[in-house]
Amino acid sequence: MNETADATRRGITLSAEETDRLYRISARVNAGVSVEQILDAVFEEFRPILPYDRMEYTNVDDGGRLLTTTWVRATYEPVILGVGHIVEPERSIKETLIPGSPPFLENDVQRYASERPEDHPGHKLLAEGIRAVMSCPMFVGDEAIGMLFISSRSEIFTSRHVQLIQHVASHIAGAIAQSRLRVALEQRNAELELLHRQRSALIAGISHELRNPLTSVVGLSMTLRDSLEKLDEGEAAVLIGILARESSEAAGIVEDLLTVSRHESGRLEVSPEVRDLRGEVDHVVAAWQTPERKVRVDGSNAWVLADPLRVRQIIRNLVSNAFKYGGETIWINVRSTEDGGVVEVFDDGPGIPEADRETIFEMYGTSAESTGRGEAVGVGLAMSRQLADAMNGDLTYQFENGVSSFVLRLPRTDAEAQATRWE
Ligand code: ADP
């Protein structure tokens, strides 16, 4: 950039020192990688030719409706109006965001603040001892991308200072825009990489989860085919029971995956109808009962308005988890509440550490306790909570006195009225 020619075009005559400084700013700005490095360069190089004590950069967000402070430097401490401050710009500042408008200049911050409400940023600047402020938007094309606020504790700013800052702002706008774009791209890349890693882990986990029940199904059906005549009726019934449970487990996993993909593409639908939660629980649990391990179900009928397929999916997940991660004893309680029904799935296993009790409900969230078991994928509970939400209910976890409980609540709305009519 030819500083002198550029300044002449803007109607400023630069002194030798100013030309030199502006040249150095340009060189450092061009070498700067991050927005912070670019702004640091301006702060350090510009001070000898412009009397300021503080410089602030705000992003212009939401088409100029919000200014977010992302960088501040001052020659003093403490800085009261700091990074992270978000403000809706008032009219005098908003107007400067229109291309061709003059920058904002205020040489009497004391009076300026006193005319504004207590929570106005002007009061914070005053508390920092600031006397004069000017701001200058940075444009890329016709779009304002950011704003520089330059403040002084001792001097006032002249129109020449304004011209100089405009000159600098126009030079750094492109570099800042480029740097922001690079950061956004890097972020996006990191997100994509994470997504890719999660997908790979998911595929590995799913294959593992499916392999277990399918291996049992294959093995058991071969035993039944080859040795049926050697088995007595009781033995055959046990094997068929396990076969039913394992194949229903495999089908359940596939159904869960379909649900997740429907949810992700916004095509998940629930069709609520009047249902008795106790009936749904009994239906799911029947597939899990074995002579060695029984799940006890207590409680009454509880009529709710819910999609039976989805309710079963949630309960199946909770029971399957209790088998995988829970203790020896698993029991379920169903009860009616004032506004709906509740299913509680209990087990006396080690439970989930406090730090993991919410993350297990996030997609791909598993508890550290279960990692290493090779089975944890972290889809079931996230999906179950989404389903409960979709039916206006909720799903939560508690651990008390050595007992884990997953609590599914579903609403009744007008379900009870309809149920009594049907009975
Ligand atoms: P997955 O079983 O595939 O990991 P889930 O979303 O169903 O996915 O479960 C998430 C995590 O919650 C499990 O990995 C496990 O760490 C934990 N978890 C779920 N149920 C129980 C339970 N009954 N006892 C202890 N930990 C559990």
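## Working through a predicted model

Met 363 has a relative accessible area of 23%, so this residue is partly exposed. Keep in mind that the model is a predicted one.

**Exercise 1. Place Met 363: which loop holds it, and which residues is it in contact with once its neighbours within four places in sequence are left aside?**

Step 1. Start with the chain: Met 363 sits in the loop between β11 (340-347) and α11.

Step 2. Now look for partners. Setting aside neighbours within four places in sequence, Met 363 touches Val 260, Gly 378, Val 379, Ala 382 and Gln 386.

Step 3. For scale, try Ala 144: 219 residues separate it from Met 363 in sequence, and the C-alpha to C-alpha distance is 38 Å.

**Exercise 2. Describe how helix α8 packs on α11: at what angle, and through which residues?**

Step 1. Two packed helices are described by the angle between their axes and the distance between the axes. Here, α8 (residues 233-264) and α11 have axes 10 Å apart, at an angle of about 60°.

Step 2. Name the arrangement. Angles from 65 to 115 degrees would be roughly perpendicular, and α8 and α11 are therefore oblique. The crossing is left-handed.

Step 3. List the residues. From α8 come Asp 256, Thr 259, Val 260 and His 263, which meet Met 383, Gln 386 and Leu 387 of α11. Sorted by class, this contact has three nonpolar, three polar and one charged residues.

**Exercise 3. Do the same for α10 and α11: at what angle do their axes cross?**

Step 1. The axes of α10 (residues 308-325) and α11 (residues 380-390) come within 10 Å and cross at roughly 150°.

Step 2. The cut-off for roughly antiparallel is over 145 degrees, so α10 runs roughly antiparallel to α11. This crossing is left-handed.

Step 3. On the α10 side, the contact uses Arg 310, Gln 313, Ile 314, Asn 317, Leu 318 and Asn 321; on the α11 side, Gly 380, Leu 381, Met 383, Ser 384, Leu 387 and Ala 388. The split is six nonpolar, five polar and one charged.

**Exercise 4. How many aromatic pairs does the structure hold, and how are the rings of Trp 331 and Phe 346 arranged?**

Step 1. Count the pairs: there are eight.

Step 2. Take Trp 331 and Phe 346. Their ring centres lie 5.2 Å apart and the planes are at 15°, so this pair is stacked.

Step 3. Trp 331 is in strand β10 (residues 330-337) and Phe 346 in strand β11, so the pair ties together parts 15 residues apart in sequence. Both residues are buried.

Step 4. Finish with the cluster: ring pairs link Phe 43, Phe 46, Tyr 52 and Trp 71.

Technical notes:
Residues are numbered from 1 along each chain as its sequence is written. This is a predicted model: local features need pLDDT of at least 70, side-chain atom pairs count only at pLDDT 80 or more; totals for chains, interfaces and linings use all residues. Side-chain values use heavy atoms; hydrogens and water are left out. Axes are lines fitted to C-alpha atoms, for helices over the stretch in contact, and angles run from 0 to 180 degrees between N-to-C directions. Helices (H or I, at least four residues) and strands (E, at least two) are DSSP runs, numbered from the N terminus. Angles under 35 degrees count as roughly parallel, over 145 as roughly antiparallel, 65 to 115 as roughly perpendicular and the rest as oblique. A crossing is left-handed if the near helix is turned anticlockwise from the far one by less than a right angle, and right-handed if clockwise. Contact means heavy atoms within 4.5 Å. Ala, Val, Leu, Ile, Met, Phe, Trp, Tyr, Cys and Pro count as nonpolar, Asp, Glu, Lys and Arg as charged, and the others, Gly among them, as polar. Buried means under 20% relative accessible area, exposed over 50%, partly exposed in between (1.4 Å probe, protein chains only). Rings of Phe, Tyr and Trp (its six-membered ring) pair if their centres lie within 6.5 Å; planes under 30 degrees apart count as stacked, over 60 as edge-to-face and the rest as tilted.
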